[in-house]
Amino acid sequence: ARTAAHDAQERLQRLSRIHSLEGLTTSIAHEINQPLAAIVTSGHACRRWMEQDPPNLDKARQAIHRILGDVDRASGIITRVRNLTKGAPASTRPFVFNAAVREVLALSQAELQRQAIALRADLADALPLALADSVQIQQVVANLLRNAMEASAAMDVPRRSILLETLLVDDKIVLRVSDRGPGLPAGAQEKVFDAFWTTKHEGMGVGLSISRSMVEANGGHIWAEPRAPGGAVFAFSVPVAQEEAAV
């Protein structure tokens, strides 16, 4: 009986390791997809600028700058997702929240234009410094923005609009991403952050689950709600640092 129990325990441990490896692989594959897609887009753009007669070197340099930024972001994603799955604490430090959001928006401009999606950013003035892992928070912003873009792309062009807001609520910095897409199915508000639960035909159901893990690891909270008359709102909060206010 002891031998059988020992063998069963070893099998469970092997299954657990396999499951953890599968989860890590799926998480990294999902998270790294966006910067890789951005690298491909910028690479094609750079080639077009270089093939013009005469070559548009300024535009080509801008494309190369975006590629290098996305390469760094992909490397950071791999490190942080791996640390997250190992239970490593977030690298929290004060940072300017709106500046981090603007970096994500700048990297998303080409895709927004390609899909004819109008984005309005309403960033609150004089927010206090946020206290969190800035790269993890940027990845959450990128996830929510990407989901809103995918929801918007399914609609007619006049309805393709996204509102991104930052505000201060009860000593927490809150970011809200609102879209006018098809909205959330009934009962989905509680399930949408569960791992491997998705409303997308080709989705893996890990993006929002990873986002929740990142936000909660940084002492925040994430939630979803319907948007009237149609669409969805995804929002999260992060703690503020006890320092001077910054834009």
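**Exercise 1.** Find which residue of β4 is the bridge partner of Ala121, and state how strands β2 and β4 pair.

Solution. Start with the residue: the bridge partner of Ala121 in β4 is Leu164. Next, take the strands, which are DSSP runs of E with at least two residues, while helices are runs of H or I with at least four, both numbered from the N terminus. Strand β2 covers residues 118-123 and strand β4 residues 161-169. Two strands count as paired if DSSP finds at least two bridges between them. β2 and β4 pair in the parallel sense, over 6 bridges.

The model is predicted: local features need pLDDT of at least 70 and side-chain atom pairs count only at pLDDT 80 or more, while totals for chains, interfaces and linings use all residues. Residues are numbered from 1 along each chain as its sequence is written, and side-chain values use heavy atoms, with hydrogens and water left out.

**Exercise 2.** Determine in which sense β4 and β5 run, and describe the backbone of Asp170 and Asp171.

Solution. Strand β5 spans residues 172-179 and runs antiparallel to β4, with 8 bridges joining the two. One position to check is Thr166, which stands opposite Leu175 in β5. The hairpin of β4 and β5 has 2 residues between the strands. Asp170 in this hairpin takes a positive phi near 50 degrees. Asp171 lies in the loop between β4 and β5, and its phi is also positive, near 60 degrees, in a residue other than glycine. For accessibility, buried means under 20% relative accessible area, exposed over 50% and partly exposed in between, with a 1.4 Å probe and protein chains only. Asp171 counts as exposed because its relative accessibility is 60%.

**Exercise 3.** Describe how helices α3 and α4 cross, and classify the residues of their contact.

Solution. Helix α3 holds residues 97-114 and helix α4 residues 134-153. Their axes come within 10 Å and cross at roughly 35 degrees; such axes are lines fitted to C-alpha atoms, for helices over the stretch in contact, with angles from 0 to 180 degrees between N-to-C directions. The crossing is right-handed, the near helix being turned clockwise from the far one, where a left-handed crossing has it anticlockwise by less than a right angle. Contact means heavy atoms within 4.5 Å. Among the residues that make the contact are Phe97, Val101 and Leu105 of α3 and Ile137, Val141 and Leu145 of α4. By class the contact has 11 nonpolar, 2 polar and 2 charged residues. Here Ala, Val, Leu, Ile, Met, Phe, Trp, Tyr, Cys and Pro are nonpolar, Asp, Glu, Lys and Arg charged, and the others, Gly among them, polar.

**Exercise 4.** Locate Pro128 and decide whether Pro128 is buried or exposed.

Solution. Pro128 sits in strand β3, residues 127-132. Pro128 is buried because its relative accessible area is 15%. Its C-alpha is 9.0 Å from that of Phe95, although the two are 33 residues apart in sequence.

**Exercise 5.** Locate Pro54 and Ala116, and describe the backbone at each.

Solution. Pro54 is in the loop between α1 (2-51) and α2 (57-85). The peptide bond from Asp53 to Pro54 is cis, with omega near 0 degrees. Ala116 is in the loop between α3 and β2. Ala116 is not a glycine, yet has a positive phi of about 55 degrees. Ala116 counts as partly exposed because its relative accessible area is 39%.
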